[in-house]
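Student: I'm new to this structure and would love a close look at one part of it. Could you walk me through it step by step?

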Amino acid sequence: MEWAYYGSDNKQIDINDKTTDEDKSKIVGFKWAGYDVDDKGNKTAKAGTVATAFAFGEKGITVGMTNDKGEGYKGWVAYGDVSTGDKGTDKKLSTLHPDVQNQMKSFILMSRIRFGIDLRVVQGFRTVAEQDKLYAQGRTAPGNKVTNARGGQSNHNFGLAVDVVPFVNGQPDWNTKKYPLLGQIGMSRGLEWGGKWKTILDLPHFQNLQGRTLKQLQALPKDDKGLPIFPQQ
């Protein structure tokens, strides 16, 4: 184990059985640490280092690895070429607006790889018709009320928002205590977290409205999938 994570102060963040989630949240990158060598020339891993390190960028993941000669090298893979580990989540992410797909996937992957949380997307893009059907539930259709937003009034209708939940033993854990940590992870990826809203808190909700209001999103032209077409910068 020869790669060392470090924080914004350029100090090493040790990875071991005492490392906390707070420690991990301070990671900003990694670098090659090399080995400790004894007087006989034997190499041993430096304390607190890892065999494989990950850095989450805007478009992909940089991975620190070690070859057969014990030399460190880096590779890079695009988010589009990486699975989250859950087919349902992958499918839901693929239906989001292209401008947020990488960002959302980086959030899911960081939660899984760095923090060991099996985070999955349970709600992503919803069509206006699907939103109207949800709105009808508990009003004109059987079931309990689940939303106050009609079709076209939810940020999900623009492919810019997701709802997530950690899974434990293959089941969603809606009573999880992980949402404050997940909120921190999501915000570190540049997402807005519903757990920070001042009115109705929505802990599972993360979004990036691209600097637009709901009214502005509604006014934009839509593509054939119903996603907003943003003006070219």
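Which backbone oxygen lies 3.3 Å from a polar atom of the side chain of Arg189?

Tutor: Happy to help, and please keep in mind that this is a predicted model. The oxygen you are asking about belongs to the backbone of Phe56. To place the arginine in the chain, look at the loop that runs between α5 (179-188) and β12 (192-193), where Arg189 is found.

Now for its surroundings. Arg189 is buried, yet it has no salt bridge. Its nearest side chain of opposite charge is that of Glu58, 8.1 Å away. A salt bridge would need a side-chain nitrogen of the arginine within 4 Å of a carboxyl oxygen, so the pair does not qualify. Even so, Glu58 is one of the residues that Arg189 touches once those up to four places away in sequence are set aside. Phe56 and Gly57 are touched too, and the list goes on with Tyr79, Gln103, Ser106, Phe107 and Met110.

A second arginine makes a good companion to this one. Arg126 sits in the loop between β9 (119-123) and α4 (128-136). Arg126 is also buried without a salt bridge, and the nearest side chain of opposite charge, Asp163, is 4.6 Å away. Here the polar partners are side chains: Arg126 makes a polar contact with the side chain of Gln123 at 2.8 Å, and another with the side chain of Gln131 at 2.9 Å. Gln131 turns up again among the contacts of Arg126 beyond four places in sequence, together with Leu134, Ser154, His156 and Asn157.

Arg126 also leads us to the largest pocket, which has a volume of about 590 Å³. Of the 23 residues that line this pocket, Arg126, Val146, Thr147, His156 and Asp202 lie nearest its centre. The elements giving two or more residues to the lining are β9, α4 and β13. His156 therefore appears twice in our tour, as a contact of Arg126 and as one of the residues nearest the pocket centre.

One last stop follows from β13. The loop between β13 (205-207) and α6 (214-219) holds Gln210, whose phi is positive, at about 60°, although it is not a glycine. Gln210 is partly exposed, with a relative accessibility of 24%. Asn169, likewise not a glycine, has a positive phi of about 55°, and its place is the loop between β10 (161-168) and β11 (171-172). Asn169 is exposed, at 79% relative accessible area.

Note on methods
Residues numbered from 1 in each chain as written. Predicted model: local features only at pLDDT ≥ 70, side-chain atom pairs only at ≥ 80, totals over all residues. Heavy atoms only, no water. Helix = DSSP H or I, 4+ residues; strand = E, 2+ residues; numbered from the N terminus. Buried < 20%, exposed > 50% of the residue type's maximum accessible area, 1.4 Å probe, protein only. Lys, Arg positive; Asp, Glu negative; His and termini not counted. Polar contact = N/O pair within 3.5 Å; in protein donor to acceptor, adjacent residues only side chain to side chain. Contact = heavy atoms within 4.5 Å. 1 Å grid on protein atoms, 1.4 Å probe; cavity = no way out; pocket = protein on both sides within 12 Å on 5 of 7 lines; lining within 4 Å. Points joined across faces, edges and corners; volume = space filled by probe spheres on them.
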